[in-house]
Amino acid sequence: MSDISLTDVCNRIMSPTKRVSVLIPTRGRPTMMFDALKSCWENESGQGGIEYLIALDDDDQKSIDYFTSTIIPYMDEHEVDYQVFTVPRLGYIRLNEYLNYLASRADGAWYLFFNDDSRMKTKDWDNVIEKHNGKFKILRCKSNHEHPYAIFPIIPHEYFVLTGSISPQQMTDAWVSQVAYLCDIMENEYDIEI
């Protein structure tokens, strides 16, 4: 993974140019990943301004080949705003490093941590996120897991700027949720279901 320049960081700090950045590390499940992505695309409002940042391990040839032959041509044909990064394999134990890397390249006002085995259930989910513009909150979506953590946290751009990362450790949802509870910035947003 290459370092990002100070100029790029400053530009991103000053003004995000996208509405939402969807961050998705994946490994070894390319067809599931395609279905996960389609669930987001098919439920967008159509207003644009959503980017998808995807990290693939450089030794995951199965996923690289599927992206090259199927997913990337589909995204190009449907004018999806995306970046696919091939990165050194870090493993699940270093999941946070994938997310921090993707966030460092994101241009969204909000960052949504999504998974390759997830499905977006909410129509116009991006508009629901934007209802929170101007708030410094971690948004906690409804999911099929009854859990006190934000399993799919939606994080404001400013959080990444202030902390310098999404999470310093692998259990990203736990870290973000604990910080949110301690700082009283957790907000349930059950109009979004994943």
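## Strand β1 and its partners

Let's start with a pairing: strand β1 joins strand β2 (residues 50–57) in the parallel sense, over seven bridges. Keep in mind that this is a predicted model. β1 also has a partner in strand β4 (residues 108–113), again parallel, with five bridges holding the count there.

Val20 is a handy landmark for both pairings. In β2, the residue opposite Val20 is Ile50; in β4, Val20 faces Trp110. As for β1 itself, which spans residues 18–26, eight of its nine residues are buried, so to speak "mostly covered".

## From β1 to β2

How does the β-α-β unit with β1 and β2 turn, right-handed or left-handed? The unit is right-handed, and its helix is α2 (residues 30–41).

## The largest nonpolar core

Now for the inside. The largest nonpolar core counts 32 residues, and Val22, Tyr52, Leu112, Phe114, Trp125 and Ile192 have the most contacts within it. Several elements chip in with at least two residues each: β1, α2, β2, α3 (61–77), β4, α5 (125–130) and β5 (138–142). Helix α2 gives the largest share, six residues.

Take a look at Trp125 in particular. Leaving aside residues up to four places away in sequence, Trp125 touches Val20, Val22, Cys40, Asn43, Glu44, Ile50, Tyr52, Leu112, Met120 and Ile192. Val20 and Ile50, the pair from β1 and β2, are both on that list.

## Another core

Apart from the largest core there is another one, with 25 residues. Among them are Tyr98, Ala106, Tyr111 and Phe113.

Note on methods
Residues numbered from 1 in each chain as written. Predicted model: local features only at pLDDT ≥ 70, side-chain atom pairs only at ≥ 80, totals over all residues. Heavy atoms only, no water. Buried < 20%, exposed > 50% of the residue type's maximum accessible area, 1.4 Å probe, protein only. Helix = DSSP H or I, 4+ residues; strand = E, 2+ residues; numbered from the N terminus. Pairing = 2+ DSSP bridges. Right-handed = clockwise from strand over helix to strand, strands pointing away. Core = buried A, V, L, I, M, F, W, Y, C linked by side-chain atoms within 4.5 Å. Contact = heavy atoms within 4.5 Å.
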